[in-house]
Amino acid sequence: MLLLPDTCAFIPALMRNEPPLQYFLVNNLRLLTFAGIILLSACGFDDSNTQSTEDGGTGPSVCVDPLVDCVSPGVCQVFECQASRCVAVDSAAATPCGDTGSTVCNAADSCDGQGTCVPNFGAAGLACGETSTTECSTPDSCDGMGLCLPNHVAVDTACGDTASSECNGADSCDANGQCQPNFQTGMACGDLESTVCNLSDICSATGECVVNFAPPGTVCGNPSNTNCDRADSCDGAGQCSDNISVVGTTCGSADNTACDLADSCDGLGVCLANLSAVGTTCGSAVNEDCNAPDSCDGIGMCLANLSASGTLCGDQGSDDCDAPDTCNAIGDCNDNFVATGSACGDPSIDGCDLADSCNATGTCNENFVTAGISCGDTSVTDCDFADTCNGIGTCNDNFVAAGTGCGNSSIDDCDLADTCNATGTCNDNFVATGTSCGNTASADCDSPDTCNATGTCNDNFVAAGTSCGNTASADCDAPDTCNTTGDCNDNFSAFGTTCGDATNNGCDLADTCSATGDCNDNFVAAGTSCGDNTTTDCDSPDNCNGTGTCNDNFAVAGSACGNSANADCDSPDSCNATGTCNDNFAAAGSACGNPANVDCDSADTCSATGDCNDNFAAAGSTCGDPSNADCDSPDTCSATGDCNDNFAAAGSACGDLTNADCDSPDTCSATGDCNDNFAAAGSVCGDPSNADCDLPDTCSAVGGCNDNFVVAGTSCGDATTGDCDQADTCSATGDCNDNFIAAGTSCGDPLPGACDAADTCGAIGSCQDNVFADGTTCDDSNSCTSASACTDNALGGRCEATVTLACEALWCFDNGGFTTSPTIGTGLASYGGGQASQGNSTGSTLSPASCPGGPGVAISATSWTQSSFATASSSSDCYEFLADTGLDPLVLSFDNQRGTNGPTMWGVEVLAATGDVVQTVITGQATGAAFTSSPMSTVNLESLNLDTRSGALIRICGYGATNAGADWRVDNVRIFTGGCTDGIENGFETDPDCGGPDCAPCT
C-alpha cells in the first residue's frame, strides 16, 4: 500500500483480497484506497477548506470522511508522526445510504453500524418479475446479487408444433423465452427443377412450399416474333406458351382476290400466302373460241386466257367476201369479212341491176335495184304507173289491168264507173243523153229527171220562187214558193224568230215564232230558278212565279241561322230582313275564358271574330329559371302557355367527354344535372395482369385508374440470393427487379487456371466460369509436350497436349512404295492381336516399323465395294482396315496419289462395330498430275474415344472421280496413339508417357 504524505505506515497485510475501492481504518485513521494505493485521508490536506491542524490550532477542526455515507461529522486530531486524523462517530445500523432505489431483488442500501454502507440484496431464488410459466420460460427469480433473472429455457429447446417439413421446422425456444416457428423462408423446396417459367419451389414466409411460377408474359423459349408466332412467354402457371396464332388469323397482306386470298396463319406459326391453285376459276367465266374462262396462275394473278391473235376460230369457210374467222388479241372471234363494196360475182351494170359487191356480213350481193325504184317512164296515171324495177333486175311498165277502176269510181244512172283499158288509158263510160234517171215523179216544182251527154242526171226542177201551195201571209208564216231543189216551201219564219212582245227578263222571255208558224209568249215555268240562286239560312234561291215575275225568297228578320252556339264571345246567329245571317260576335277585347295572368299565359279575351283567345306567350319566350348549363337551358314558354324547364334529354353528352376505363363521358340526367359517370371504386381497369409487384389496376372513386404497384423493396420473383444475384425486389413502378450484381464482379472460384480465368458475374446474375475457347494455347506443365491446347471447355475444360509425332507409330502399313502396275488381290495380316482387312497386294503386312518404303498399294475404282459420303458428287472407293479393341488412336496419316481422271477429294470414314458412322472427315482436294506425289494427309481421331468401343473400321476413300476406271493409291498408313502425350500409362508403355515398344522415353 502506498501511503500519502501525511501517513506513516505501510501495512501490506491489509491489502490482500481487497476490492478495488475501499476505506480502511489504520490506527483509527480512515484511509480511502484504490487498488492498494491510499488516495486521501480526512485530514492532512493543506487547502482552504479542509486544512488540518493540531488540537487547539487555528482553522476548521470539523472534518468529514470524504465519500463515506455511514459516519457522522468529527474533528481533526493529531495522530502519531504528527499526522492528523478525523475522529468521527459511525452512523447507526439501518441508516439509509448509497443506492436508495428498491426492487424485489435489491432493497435500498443501509449502514451496518460499523461505518459501512451495505447493499440489501434479495435472497437467491426469491420470486420476481414475470411469474407466468411457458414452454420456454419459468417464473423470474433473484440471483442473490440484486438482479432479477428471466429463467428462460435453453435456446432451441423444442416447443409448440413439433411437426417438421421442408419449409417449417419444429418450433423451438429463442433467447428471449419465446416459442418461435422455424420457417425456412426463401429456401428451395419441393420440385427443385427450374425452368424459365417454373423456377424451383421456394418456402414462403408462412412455412409453405409454394410453386414459383414466372409472371405471365415473361419471355421464354423462342424469342422470334411474327404475325403468326408471337414471342414465347410464360402463362403464369409455369408453362411456356408458344403463342402461335390460331388457324385463319389474319397476317401479312390483307388483299383478298380470287387468286390471292388474304394471308392467314396455319396454326403452326407460319403466315400462309393463300395463293389459289393454278387453274382456279376467277374473273370472267365466259367460255368462247377466243376467250377461255379466266383462271389463277398459282402466284396470285388472274389470267384472262385469251387466244393468241390470228388463232383460227368460228366459221372456216372461204369465198370472195368471207375469209376464215380468227381470234383478235382481246378474246373476240373476228368474222374476217372482205371490206363492204369489194367487187365480186357479176360486174355488169344497167338501170335495175348494179355490179355485184360484198356486204358487211361476208355475202356477195347481186345488187339488184330495190323493187319499186323508178326506171324507164316515170309518168303516173290511174291506168299507167311509173316504170319501176322488179327487184330481180328488170324495169316493168306497170300498166293497170283492163277493166280496173280508175278516174271516177262512182256509179249512177247517167255515168258508170271509169275503167282502164289494157294500154294504160282510163275510159269515162257515160250513159246516152235523155235517158230517164233519178226521180221520175212530176209535181208543182219538179219535172221527171233525164241524163245529159256528160254523164249527169239533170233534176229538171221548176224555177225557184215559183208560187205553189198556201198563199196566206202572217207574222210567222209567208206564202209558199218553189225552192231550187223542186220542193214547195211553207215559208214559216225560222223557229225562235222574234214576234209579238219583245220584253226579256229572267221569268219572261221575248215572244218567238214556233216551227209551225205560231208566235209564243215564252213565260218561264213557276218555280224556275232565277236571279240569285244562293241558298243560305237567311236567303232561299230566287224562282219564277209562272207569270213572268222572279221572287227573292228572303227569311224573316231574327230567324235563327248559322252557328247556334252561345259562348263568351259569340251569341247565336240570326237573319236580317235582307237575306244576311248576322254573327252576333262580342266586342274585340271583351273578357272571356281563363282570367289568370302568368308568365306564359295572359288573361283570355274575345277576338273580333267571336273566338276566346288564350293569349299564350309566343313559343320560346323567356320564363321561369333563366340559368343556362350543359343539361339545363333557360326556361321558355311552350306554344300552349306552359313554362318548360328545357332539361337536356337523359344521356345527352355534357361536361367531360373523356372515355376511359374508370370515367365514362359525362351525361345529363332527366332533371338537368350533369353526371360524372365514374366507375365504382375497385372496378377493374387498365392492366389486368396480376404480378408480384403490380396488382391488377382498379378504379378510384373519382374516375382515376390506380396502378396498384406494390411498395418498393417488397420481395418478389426469385428469392434466391447468390454471389451474382440478390433476392428480387419490387420497384416503385411495379417491376420486379432482378437485382443482379454488376457484371465483372468476382464470384465463385476466384483462382484462374490454365484454361479459365477467375469466375465473374455475368450481366444476368449468373456466375461465369470464363473458360477459354477450345484450341486456346495453354500450359499443361508437362515437360514431355512441346505445346498444349484447351479442350472440352464447354464441359469445364482441361489443358491437353497437342498431337506430336515425337513417338513412333503404333503400327503402319507399307508395301514398298507406289507402283504403276499393281496386282490387285486380298490378304490378311495381324499385329498385336488386331487384324487388318486390306484390299491390297497379297502378302502385305502390318508392322510397328517406321514405314521404310517399298512397292506401294494401288486401288482401282472398279475393284471395291462402293461407299459414299454425303457430299460426294459420285460413288467413292475405299481402302479399309480394322482398329484393335482398346486402341485409342489420336492421328491417322497417309500418303496418296491420284491416277488419270482420279478422285478429286479424299475422305476418312470411321464406323463403330455396330455399323453406325462415328465420324466422317473430308481431308481436302487431291492435287498434282497423275501418279505424282501429293502432300501427306493427316486426320485427328482424338474425339472418337475408340478405347471405349469394341473396335472400329477405318476407311480411306477417294471420291469425285470423273470416270469409273480412274486409279488412286495410298501408302505409309500410320496410326499414332496417345502415348507420350496424355500422362497415362497405356498401350505398351512401361510408365506414363515413357518407355515400351510403342513409345521411347520422353526427354
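# Exercises on disulfides, surface patches and backbone angles

The structure holds 44 disulfides. The model is a predicted one, and the exercises below work through some of these links and then turn to the surface and the backbone.

**Exercise 1.** Determine which parts of the chain are linked by the disulfide of cysteine 259 and cysteine 296, and state the handedness of the link.

*Solution.* Begin with the sulfur atoms: cysteine 259 and cysteine 296 are joined with an S to S distance of 2.0 Å, which lies within the 2.5 Å required of a disulfide. Next, place the two partners, which are 37 residues apart, with cysteine 259 in the loop between strand S16 (240–241) and strand S17 (264–265), and cysteine 296 in strand S19 (residues 295–296). Then take the torsion about the S-S bond, which is about -90°, so the disulfide is left-handed. Finally, consider accessibility: because buried means under 20% relative accessible area, cysteine 259 counts as buried at 1%, and cysteine 296 is buried with a value of 1%.

**Exercise 2.** Describe the link of cysteine 383 and cysteine 420 by its distance, its torsion, its place in the chain and the burial of its partners.

*Solution.* The S to S distance of this disulfide is 1.6 Å, and the value of -85° about the S-S bond makes the link of cysteine 383 and cysteine 420 left-handed. Cysteine 383 lies in the loop between strand S24 (364–365) and strand S25 (388–389), while cysteine 420 belongs to strand S27 (residues 419–420), so the pair ties together parts that are 37 residues apart in sequence. As for accessibility, cysteine 383 is buried with a relative accessible area of 1%, and cysteine 420 is buried with one of 3%.

**Exercise 3.** For the disulfide of cysteine 406 and cysteine 426, find the handedness, and decide whether each partner is buried or partly exposed.

*Solution.* The sulfur atoms of cysteine 406 and cysteine 426 are joined at 1.9 Å, and with 100° about the S-S bond the link is right-handed. The partners are 20 residues apart, cysteine 406 in the loop between strand S26 (395–396) and S27, and cysteine 426 in strand S28 (residues 426–427). A relative accessible area of 4% makes cysteine 406 buried, whereas cysteine 426, with 28%, is partly exposed.

**Exercise 4.** Identify the residues that make the patch of negative charge and the nonpolar patch on the surface, and place one residue of each in the chain.

*Solution.* The patch of negative charge gathers Asp315, Asp319, Asp320 and Asp335. Of these, aspartate 335 is found in the loop between strand S22 (333–334) and strand S23 (357–358), and its 36% relative accessibility counts as partly exposed. The nonpolar surface patch, of about 390 Å², is made by Leu275, Ile299, Met301 and Leu303. Methionine 301 sits in the loop between S19 and strand S20 (302–303), and at 51% relative accessibility it counts as exposed, the cut-off being over 50%.

**Exercise 5.** Explain what sets the phi angles of asparagine 305 and asparagine 336 apart, and locate both residues.

*Solution.* Start from the general expectation that most residues other than glycine have a negative phi. Asparagine 305, although not a glycine, has a positive phi of about 55°; asparagine 336, likewise not a glycine, has a positive phi of about 60°. Asparagine 305 is found in the loop between S20 and strand S21 (326–327) and is partly exposed, with a relative accessible area of 29%. Asparagine 336 lies in the loop between S22 and S23 and is partly exposed, with a relative accessible area of 28%.

Definitions and conventions
Residues numbered from 1 in each chain as written. Predicted model: local features only at pLDDT ≥ 70, side-chain atom pairs only at ≥ 80, totals over all residues. Heavy atoms only, no water. Helix = DSSP H or I, 4+ residues; strand = E, 2+ residues; numbered from the N terminus. Buried < 20%, exposed > 50% of the residue type's maximum accessible area, 1.4 Å probe, protein only. Patch = residues over 30% accessible without salt bridge, like charges linked within 9 Å, V, L, I, M, F, W, Y side chains within 5 Å. Areas by Shrake-Rupley, 256 points an atom, 1.4 Å probe, with all protein chains shown as cover. Salt bridge = Lys/Arg side-chain N within 4 Å of Asp/Glu carboxyl O. Lys, Arg positive; Asp, Glu negative; His and termini not counted. Charge placed at Lys NZ, Arg CZ, Asp CG, Glu CD.
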